[in-house]
There are 2 protein chains.
Amino acid sequence: MNQPKQLSGVFAPVITPFDADLRPDAARLIRHCRWLLSQNCQLAVFGTNSEANSLSTDEKIELLDALVEAEIDPARMMPGTGACALTDSVRLTAHAVKRGCAGALMLPPFYYKAVSDDGLFRSFAEVIERVGDARLRIYLYHIPPIAQVPISHDLIERLIAAYPDTVVGIKDSSGDWANTEGMLKRFPGFTVFAGSESFLLRTMRGGGAGCISATANINPAAIHKVFAEWQSPGAEDLQAGLDTLRGIMQAFPMIPALKETLAQFAGDPDWRRLRPPLDELTEDQRRALTAALSAQNFAMPGLPVLQEA
Amino acid sequence: MNQPKQLSGVFAPVITPFDADLRPDAARLIRHCRWLLSQNCQLAVFGTNSEANSLSTDEKIELLDALVEAEIDPARMMPGTGACALTDSVRLTAHAVKRGCAGALMLPPFYYKAVSDDGLFRSFAEVIERVGDARLRIYLYHIPPIAQVPISHDLIERLIAAYPDTVVGIKDSSGDWANTEGMLKRFPGFTVFAGSESFLLRTMRGGGAGCISATANINPAAIHKVFAEWQSPGAEDLQAGLDTLRGIMQAFPMIPALKETLAQFAGDPDWRRLRPPLDELTEDQRRALTAALSAQNFAMPGLPVLQEA
């Protein structure tokens with residue numbers, strides 16, 4: 001077998017559009033994915049910011065099929081495939097491999113809390129063994145603020161030792177740079193993605209692979225520029241630009257703010273819809289977000305516009 | 001329509017047996033349910049202690065069908081039907097109603113944290129509207145230590161006001177007596193179940209309906225006795241007996257300890273299996289549990305025994 005190709009670059013956890021009945025809207029998703037790809041941004045569909053955990057496994061499989069059938073390149077896709085139920089994780093991961101996805105971003109099972117590393121090891125191991133496909137590449141998904149089930153460095157070490165060709169990387173959404181840095185030092189050759197572009201320059205300097213970040217949904221080209229030019233003299237200034245936009249978005253609930261931004265810039269109010277338990281921005285929040293983006297002359301170049309605002 | 005019949009009594013979140021391939025084992029589950037019913041214990045299948053969130057929706061639907069087809073009375077069942085994904089909650093809840101289940105115990109969607117009461121209201125409301133069946137009776141499931149998404153009293157008030165014939169009760173697994181007491185006082189006529197038998201006597205004295213408790217899987221008759229005789233002079237002593245057994249079980253991880261107990265007393269080692277991320281007890285823990293139960297002369301009267309130990 002050839003050495004597995006490692007993924008790198010900038011990925012968006014692609015936000016998921018819904019129709020009036022709150023069904024996933026494949027056509028809008030395909031349109032958004034095409035734009036992201038055109039901006040050098042790859043596709044971590046079914047991430048936290050995709051509201052993936054508000055979708056059933058069937059819905060995710062149907063969306064993935066629709067994307068691949070629309071000729072969105074699966075080699076640029078890293079779908080989230082980890083679920084609470086072992087059988088859901090196995091089914092979706094196997095499907096992602098079968099459709100040719102370059103990687104699977106895998107949450108630990110997240111309902112039961114304070115579980116052991118042994119239990120988490122068995123969770124990942126059962127998925128790997130049951131999928132049973134040498135093409136599988138797992139990127140672990142460490143997001144303790146939301147999943148409330150962390151992935152420890154000792155667990156990572158055990159997984160790499162047991163499945164060196166399969167467990168190839170991680171997305172670190174801890175928000176804790178010391179954790180990212182610790183992994184970069186402890187696991188040479190392991191593919192580490194920052195969970196936000198705030199840490200992109202530091203991650204690249206530390207030997208990381210890029211970032212998988214919410215705001216890549218709306219600011220992909222600028223984030224990719226930091227990835228591509230991190231060794232250039234202007235890299236700090238480019239990073240500062242990212243930080244400014246991040247600061248604006250973080251003043252609002254992230255997922256509705258991303259959807260609001262896309263709704264406004266694409267002239268497509270249907271993008272505002274969220275599945276419960278998430279809420280749309282309030283009118284006041286909308287106005288504040290619009291004003292803040294406008295003050296920065298924020299733009300989404302090349303974005304297909306449905307109707308002028 | 002007749003006034004809906006309120007559920008009351010003692011329910012077990014029925015532990016789920018798995019075969020060697022970690023598939024749910026319907027035959028063993030049916031056997032355990034029959035024993036529980038024989039002990040005056042009703043069936044909250046698919047609860048936290050059932051490892052329900054380690055099962056896919058398809059697996060839960062198949063198990064529920066197997067139970068009903070085995071003539072386990074659905075009027076004595078309150079399956080857990082709340083999931084992260086709206087579509088999973090709707091599908092399983094609709095199926096439970098269709099099969100005649102007396103109630104549905106409903107977790108809030110639990111992946112996204114710090115969500116608003118508006119968002120949670122919409123979650124429950126969407127399930128109710130989409131199921132669209134006047135027979136539906138929802139018991140909310142408040143378990144902040146695990147779900148990390150609490151159900152506030154203000155949210156309960158809104159749900160009762162909007163759906164008075166549907167949102168009829170709650171299981172309080174907060175472990176916080178003040179919360180249970182607050183609901184009993186604020187919502188007369190609302191069916192409040194304690195989330196553990198530790199609070200059973202207090203809950204009955206406060207006007208509650210009973211309890212839904214892990215240890216009812218192994219100690220159902222004694223727990224039911226407190227429910228049935230809470231007004232008797234000996235009630236405090238009966239409650240003290242429950243507390244002793246609870247104390248023993250709480251010294252171990254609860255779900256594996258319940259399974260270990262059943263494995264030992266039913267002479268059926270297959271009961272020990274858990275789906276990851278949960279682990280079986282260690283050998284030391286097994287020995288300590290056996291010794292502690294033996295010191296109390298713990299017994300499971302009437303339990304069918306597969307093979308003598």
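Here are three short exercises on a predicted model.

**Exercise 1. Judge the overall form of chain A.**
Find what the radius of gyration says about chain A.

*Solution.*
Step 1. Take the length: chain A has 309 residues.
Step 2. For that length, a compact globule would have a radius of gyration near 19 Å.
Step 3. Chain A has 18 Å, which agrees with a compact globule.
Step 4. Add the box: the C-alpha atoms of chain A fill roughly 55 × 50 × 35 Å along the principal axes.
Step 5. Look inside: 52% of the residues of chain A count as buried. Its secondary structure comprises 12 helices and seven strands.

**Exercise 2. Relate the two chains.**
Work out which symmetry relation links chain B to chain A.

*Solution.*
Step 1. Superpose chain B on chain A: this takes a rotation of 180°.
Step 2. Check the shift along the axis: 0.0 Å, with an RMSD of 0.0 Å.
Step 3. Name the relation: a two-fold axis.
Step 4. Compare the interfaces. Of the interface residues of chain B, 100% are also interface residues in chain A, so the copies meet through the same surface.

**Exercise 3. Place strand β5 of chain B.**
Describe the surroundings of β5(B), residues 167-172.

*Solution.*
Step 1. Check burial: six of the six residues of β5(B) are buried.
Step 2. Take one neighbour: five bridges join β4(B), residues 138-142, to β5(B), and the two run parallel. Here B:Y141 stands opposite B:K171.
Step 3. Take β6(B), residues 191-194: four bridges join β5(B) to this strand, again parallel. In β6(B), B:F193 is the bridge partner of B:K171.
Step 4. Trace the connection: the chain crosses from β5(B) through helix α7(B), residues 177-186, to β6(B). This β-α-β crossover is right-handed.

Key. Residues are numbered from 1 along each chain as its sequence is written. Chains are lettered from A and ligands numbered from 1 in the order in which they are written. This is a predicted model: local features need pLDDT of at least 70, side-chain atom pairs count only at pLDDT 80 or more; totals for chains, interfaces and linings use all residues. The radius of gyration is taken over C-alpha atoms; the globule rule is 2.2 Å times the number of residues to the power 0.38. A residue is buried if 20 or more other C-beta atoms lie within 10 Å of its own, exposed if 12 or fewer, and partly exposed in between; C-beta atoms are placed from the backbone. Copies are superposed by least squares on the C-alpha atoms of residues with pLDDT of at least 70 in both. Two residues are in contact if their C-beta atoms, placed from the backbone, lie within 7 Å. Two strands pair if DSSP finds at least two bridges between them. A crossover is right-handed if, with the strands pointing away from the viewer, the path from the first strand over the helix to the second runs clockwise.
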